[in-house]
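This briefing covers a protein and RNA model, grouped by topic. Please read it alongside the sequence and the coordinates.

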Amino acid sequence: MNKMGPLQIKDILQTAPENQSVVVKGWVRTKRESKNAIFIALNDGSTINNIQAVAEPGQFSAELLLTVTTGSCLKVTGQLVASQGAGQTVEVKITDIEVYGTADPEQYPLQPKKHSLEFLREIAHLRPRTNTFSAILRIRHALAFAVHQYFNEKGFFYLHTPVITASDAEGAGEMFRVTTLDLNNLPRTEEGAINFKEDFFGREANLTVSGQLEGELGAMALSKIYTFGPTFRAENSNTTRHLAEFWMIEPEMAFFELEDNMDLAEDFVKKVITYALENCKDDLNFLQNRLAEEEKNKPQNERYLPLLEKLAFVVDNPFERLTYTQAIEILLKSKPQKEGKFQFPVTGWGIDLSSEHERYLVEKHFKKPVILTNYPREIKSFYMKLDEDGKTVRAMDVLFPGIGEIIGGSQREEDYEKLLGRVHEVGIDPENVWWYLETRKFGTAPHSGFGLGFERLVQFVTGMGNIRDVIPFPRYPKSAEF
RNA sequence: UCCCGAAUAGCUCAGCCGGUUAGAGCAUCUGACUGUUAAUCAGAGGGUCGCUGGUUCGAGCCCAGCUUCGGGAGCCA
């Protein structure tokens, strides 16, 4: 087999030292000079661990060594030897240094010290070079890989739903417009309205807010499909769990009823978390220690479980399943309700649960992930299958501690007349979704699906508090710099 | 979008009741020391106090507006 590029630090660190010659390419994390040795810690992002390269004083010119600073990029040639010092088993005895790129320490913002997450967000082009963000990005990759692996093994097909759509039928949120019209010289109809017939698609177009409707079309032919792609919401949301551009995973399954849907959602989440636990040990350990440092400053009662324990707990315990109606009963009898601690007191059946209510159920009452089902029809989307009582729909929300709703899904309404009725009820023009309605006209079938916010999953697994820190280049109101 | 808070050195922050020349830790640089582990010790450099306007003899500090950031809420994934 051909060697595909140079060895990576991850592999070199696991190689037995036999004075063999090695080439290491990476970015300098720190340099320490002492009387008998110069130590350079190199990292290439293949692992959170650095490799130590050692040179002798006088071996290289002062001019060269001055350019070896934190952030600079090097090619180091030498021998792989057993380390004489504690802290690492192998190290590289340097014979040659080539500086690929310098990084002026007076200007390079990432110096060997603690930086706040807020500051790193301002230098998103460089933050992948930090331990924290490289760990997050490796875990993010592992989770994405696990998603595809899981669905592939379960017989799902990856369906590529469009990024550009002409319908906002789901009403999932405000949309970003896609246009090639000259905004300074808009074509007008005789009535003075903007003439979208002259636009690229000959009609109004937007970025997708969900691949679900198209996903259902796929499930009505391939039985089990999933989508995994970017999703766009133009909401003016400024929270730690919303992005304007995020990645959503949406499986859609023919012949799945609500219970099958819940079983799949729970198994899926547990399996991908398990994959991360098994394949990202170093990174998770690093993030766990990092979080533990932060927790030190918090009062005892506000501290969470250590990250790895939290993840193991979620994997090992069944999610709590209950109906919306049962949840309301619990909330009505709850301590914060009786003591008037809720900002929005629970007034009774039919209210939309606010995040304080969800948090109470998940974090205080059950202390584990919760699946809430059978919500009132009035507070859920038009495509959800009506229950027999006609009051509730076969919806399910999976709620996680810390981040709230990680999954929203439902059994879909497969009855043409009932679906059409709901379309009219919520004020959607049936003409805009004729193709969606036709699936119910031609060979309709019971089916279900859900949407999982990928970044919320990454947030949960990494323990990061702000969703803007689990995507390489976050998009949110007033921010699209990088 | 709403509520609350913040903006002072490259970074993280302190700055009293409005009063002389605005401080600390880390980082950077210099020196010392050391098979070192984000080394350690000593010294040095580094500031339009977010922007605009106002009050005042005098504003980092008080007031107004704006901008950006953080936390919470709503919308949701």
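The surface near RNA strand B consists of 23 polar, 17 charged and 10 nonpolar residues. In this classification, Ala, Val, Leu, Ile, Met, Phe, Trp, Tyr, Cys and Pro are nonpolar, Asp, Glu, Lys and Arg are charged, and the others, Gly among them, are polar. A residue is near a strand if one of its heavy atoms lies within 4 Å of it.

The model is predicted: local features need pLDDT of at least 70, side-chain atom pairs count only at pLDDT 80 or more, and totals for chains, interfaces and linings use all residues. Residues are numbered from 1 along each chain as its sequence is written, chains are lettered from A and ligands numbered from 1 in the order in which they are written, and side-chain values use heavy atoms, with hydrogens and water left out.

**RNA surface**

- Around RNA strand B there are 50 residues, of which A86, E106, T239, H242 and R456 come nearest.
- Sugar or phosphate accounts for 50% of the strand B atoms within 4 Å of the protein, and bases for the rest.
- At least two residues each come from β1 (21–33), α3 (117–122), β11 (245–254), β15 (404–411) and β16 (447–453); β15 gives the largest share, 4 residues.
- Helices (H or I, at least four residues) and strands (E, at least two) are DSSP runs, numbered from the N terminus.

**Side-chain contacts with RNA strand B**

- The side chain of Q52 has an N or O atom 2.6 Å from a base oxygen of RNA strand B.
- Q88 places a polar side-chain atom 2.9 Å from a base oxygen of the strand.
- For N236, the partner is a phosphate oxygen of RNA strand B, 2.6 Å from a polar side-chain atom.

**Pockets and cavities**

- On a 1 Å grid over the protein atoms alone, a cavity is a set of points where a 1.4 Å probe fits but cannot get out, and a pocket is an open set with protein on both sides within 12 Å along at least five of seven lines; lining residues have an atom within 4 Å of a point.
- Grid points are joined across faces, edges and corners, and a volume is the space filled by probe spheres set on the points.
- The second largest pocket has a volume of about 830 Å³, and K113, K114, N131, T132 and F286 are nearest its centre among 28 lining residues.
- That pocket lining takes at least two residues from each of β1, α3, α4 (131–153) and α7 (281–295); by class it has 12 polar, 9 nonpolar and 7 charged residues.
- A search of the whole structure gives 2 cavities of 30 Å³ or more, and the second largest cavity has a volume of about 40 Å³.
- R127, P128, F133, I136, L137, D469, V470, I471 and P472 line the second largest cavity, with 7 nonpolar, 2 charged and no polar residues.

**Chain A and burial**

- Chain A contains 14 helices and 16 strands, and its C-alpha trace spans about 85 × 60 × 45 Å along the principal axes.
- Of its 482 residues, 49% count as buried (under 20% relative accessible area; exposed is over 50%, partly exposed in between; 1.4 Å probe, protein chains only).
- C73 counts as buried at 16% relative accessibility, and C280 counts as buried at 5%.
- The structure holds 0 disulfides (pairs of cysteine sulfur atoms within 2.5 Å).
- T373, in strand β13 (residues 370–373), is buried with a relative accessible area of 5%.

Terms used: Polar contact = N/O pair within 3.5 Å; in protein donor to acceptor, adjacent residues only side chain to side chain.
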